[in-house]
Structures are given as structure tokens and as C-alpha cells.
Amino acid sequence: MAGLIKRGQTWHLRMRVPKRYLAVAGRNEIHRSLETDSERRARELLPDVRAKLLAELEAMTAIRERPGEADAYRAATKIAQARGFTYRPLTDLLEAPLDEVLERVEATKANSSPETAKALLGGLEGPAVRLSGLVKEVERVATHENRYKSENQLRLWRNPRKRAVANLQAALGGRDALVSEIDHAAALKHKAWWQKKIAAENLSMKTANKDFANMAGMLRRYYESIALPDPPEPYHRVTLKDRHKEESRKLEIPVEWIKEKWFAQGAFDGTNAESRDILLISIETGCRQSEIHDLPPGAFVLDAPIPYFEVKLEEGNSKREIKNTASKRKVPLVGVALAAAKRHPDGFPRYRGKSSYSAAMNKFMRSNGLLPSPDHTIGGIRHSWESRMRRAGIDKELRGVMMGHSVKAILEREVYGDEMPLPEKLKLAMKVVLDVPDHLK
């Protein structure tokens, strides 16, 4: 337990050292100045100072018990920061101004533990993480950020990063280099490797640029996690561009095509009811496919005055992450979407938490002549829905709300006021709703 003791006119924390920290503390009791002569202020400061002291003891323990690991390096940065310094390796300090070095030496006198000296005088080298362990380490760092991802979403997050690392290793001749060795020259080798591959296999530059972005993101997260001062940015401006390539856009599915082909009797006889009804819901909601097929059981609210479902973060057994905060929204059910939801009040277990729907449905649609051209995909439904709203005179801000786009980005300013209520969304949806064929009711 920590208490207060007064020395002269200044109050100090007095704390018995927990057993597990005795080895690094070097004594049974620690005193630390609270730098105040007010007992009331000292009592206010006491809990925070005690917590920081325990954190410092924990960091010192990490340095002693795991001196060659990332945890020890992070611990050293914390100790240095607590003493008002940035952690700098010894190699950096050898080139630092003499005044800074002397100031660090002086600070070690306040605590004679070797762990504190290592933290203030750069006695720990950076952790020796290799490329083969980078994805695992970054996933550990991103645990909180990824906490809502389902197992499938985690897999989709992890796999492109694994590919990026594997491709970089291939560019380096198969070498499992240390992360600290990845400099701009290594990134340029990665770029050159992709240039040869694109030329030989007629691949898209988009795939290569995703590789570069994933490597840059992982390195940034990694260096942030170890609090490395002035971290390198080896992938800065490493990208591939084709000035002759036109910007690609998903082609819309024409409304007349939907009515004549998709609403035709027997059009979906060759596929299952779940895949058909996911498609029908997307026609009248403009939702992303995953926003529909990943809905948890009970997500459809069909007994309300306005039937709807809500796109939101989910926890527990139905855990899932949505694309961004703007995607969180209530979606009214109308037309073929309402009819489809009534047939599946508990959602779509066949596709929930998986990523197989899009490929399977596109294959079925293409094989049965249900797409206008080889370049069309069912993803064009979302774009068709926005065009239907635009032609109905609905402005871009309201379209953005309905689509789950960032209204802040659309307006280029802060957004004020309450969220659009469901009755107003229903009015907008009814402006573009299509007649429901009898066989789909």
C-alpha cells in the first residue's frame, strides 16, 4: 500500500515494493516526491503517481526478464518517457549533443537500477523481429482495433498482409530479413519484382500497390508499437502508376434488365433461396452484400410499423465489423427486399460469416446469362440503386445517408443534427421502389 510522508515542506509517496518487483527495485520501500506542500493536493496526486511507479517497475521487470524481446524494448521507451526523455539506442547517443548525454547520466542517479540506466542510456537494441513474424506481431498490436472482426474478417485482414510479406521475401531472394533491415532499397526491390511480374503475367498494378500499402501500414504499426523515434518510411512514394489506364468503375445493372431478366419467372431456379433473396434485398436497399448476408439472427425487424434492419457492429457469437462508422444505419425494407426478408426472418446462415457469396452468385448469374456483359458483376446493384435515387431527384447528401457513405466527406464539413429518422428514409426508398412480381411476393 502507498501512503504519504512529509519531508521538510514537501509531501512524498511512500510505498512498500510488491514482492515480484523486489529484484528490480533493490529495496523494500520506495519514496517519491509529489512536489507539493499541500496535503490535499498530495492525496489527489497519490493514486496516479503510484500507478505510474508500478508501471515503471513492471517495465523494469520486462527489461530484466526478457532483454532481447520486443516487450523489453517497449518497456525501455516507457521508462525513458516517464523520466522526460525519448528512448534512443546507444549508437544514436554516441552522436548526440554532450549536454543531452550528461542530462541522461544525471537522471540515472535518481534510480540506480541497471534497468533504468539501460532505458536512459540506450542499452537495448531494437527487437529482432523478422519478416516471417511481422504479420503475427502486427496482429497482436492491432488486437483492440480488430476486436469486432469475425473469424472470416480476420482471415481477410490477415491474408493480404501475409501475401505482401511473402512477395517482399521473394523480391529479396527468399531471405527472411529482419524488419529493421527493410529500407528504401528493399522496398524498391519489391517494386522491381512486381514490375517484372506484371509484365510477364499481364496483372493489374492495383494488386502491387495493395502490397506496398500493406507493407507500409504494417511497418508503421510495428514501429509505433515499440515507440521508435523517427521511424523509417521505406515505402514512401513507392507505387506503380499507369497514366494510360482509365479509372475503373463498377458497371450499373440497368433497371430494365432487373425487371426483365431478374424478375422473370424461374430466373433463379438454378440457385438456392438464400442467394436469390440476398440479391433481392440489395436491389431495394443498395447495401453491400456482406451487410446483408452477415446479418445476425433476428436482425430483421418485421413486426414494426416500418419493417427494417440495422447495419451495425456486432459482438458475441455474431461478432462482425462494418466498413466504417458511416456504414452504421437503419435500412427500411420495401418491395422485393421486404418480401425476401419475410422468407428469411433469421437471416442467411448459409453465407453468414463467410466470403463465398459474391463469387458463387456472380458465377451463377454469368453462367445463366443474367448479367448484361462479362464486365458486369452483382456489385453493380449498389451503384444502380444510387442512380435510381439520383434520377428521382434525391440530392447527394440524402443519397449518402441512405447508402452508408460519409456525409461529412460529401459536404466537406462537420455534420450537425440528429440522424435521419426511419420514416424519412422510408419516403426516399418508396420514391424508387420497383413493383414486386407475384412469384416473388
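**Figure 1. Packing of helix 8 against helix 9 in the predicted model.**
In this predicted model, helix 8 and helix 9 (residues 184-201) pack with their axes 8 Å apart and at an angle of about 95 degrees. Helix 8 is therefore roughly perpendicular to helix 9. On the side of helix 8, the residues that meet helix 9 are Ala164, Asn167, Leu168, Ala170 and Ala171. Their counterparts in helix 9 are Ala186, Lys189, His190, Trp193 and Trp194. Sorted by class, the contact of helix 8 with helix 9 comprises seven nonpolar residues, two polar residues and one charged residue.

**Figure 2. Packing of helix 8 against helix 10.**
Helix 8 (residues 151-171) also packs with helix 10 (residues 205-225), at an angle of about 100 degrees. The axes of helix 8 and helix 10 are 9 Å apart. Because of this angle, helix 8 is roughly perpendicular to helix 10. Helix 8 contributes Pro160, Arg161, Arg163, Ala164, Val165, Asn167 and Leu168 to the contact, and helix 10 contributes Asp211, Asn214, Met215 and Met218. The contact of helix 8 with helix 10 contains six nonpolar, two polar and three charged residues. Ala164, Asn167 and Leu168 of helix 8 take part in this contact and also meet helix 9.

**Figure 3. The largest pocket of the model.**
The volume of the largest pocket is about 1100 Å³. It is lined by 32 residues, of which Arg288, Gln289, Ser290, Glu291 and Lys323 are the closest to the centre of the pocket. Two or more lining residues come from each of helix 8, helix 13 (289-293), helix 15 (357-367) and helix 16 (380-391). By class, the lining of the largest pocket has seven nonpolar, 14 polar and 11 charged residues.

**Figure 4. The second largest pocket.**
The second largest pocket has a volume of about 490 Å³. Its lining consists of 20 residues, and those nearest the centre of the pocket are Val401, His405, Val407, Val415 and Glu419. Helix 17 (396-403) and helix 18 (407-411) each give at least two residues to the lining of this pocket. Helix 17 supplies the largest share, four residues. Seven nonpolar, six polar and seven charged residues make up the lining of the second largest pocket.

**Figure 5. The open sheet of three strands.**
The strands of this open sheet have the order 1-2-3, and their pairing is antiparallel. Strands of a sheet pair through backbone hydrogen bonds, either parallel or antiparallel. Strand 1 (2-7) and strand 3 (29-33) stand at the edges. Each of these edge strands has a single partner strand, so one side of each is left without a neighbour in the sheet. Neighbouring strands of the sheet are turned against each other by 30 degrees on average, direction ignored.

**Figure 6. Strand pairing and the hairpin within the sheet.**
Strand 1 and strand 2 (residues 10-16) run antiparallel and are joined by six bridges. In this pairing, Leu4 stands opposite Leu13 of strand 2, and the bridge partner of Ala2 in strand 2 is Met15. Strand 1 and strand 2 form a hairpin, with two residues between the strands. In the turn of the hairpin, Gly8 has a positive phi of about 65 degrees. Strand 2 is also joined to strand 3, by five bridges, and these strands run antiparallel. In strand 3, Ser33 is the residue that stands opposite His12.

Conventions:
Residues numbered from 1 in each chain as written. Predicted model: local features only at pLDDT ≥ 70, side-chain atom pairs only at ≥ 80, totals over all residues. Heavy atoms only, no water. Axes fitted to C-alpha atoms, helices over the stretch in contact; angles between N-to-C directions. Parallel < 35°, antiparallel > 145°, perpendicular 65-115°, else oblique. Contact = heavy atoms within 4.5 Å. Nonpolar A, V, L, I, M, F, W, Y, C, P; charged D, E, K, R; others polar. 1 Å grid on protein atoms, 1.4 Å probe; cavity = no way out; pocket = protein on both sides within 12 Å on 5 of 7 lines; lining within 4 Å. Points joined across faces, edges and corners; volume = space filled by probe spheres on them. Pairing = 2+ DSSP bridges.
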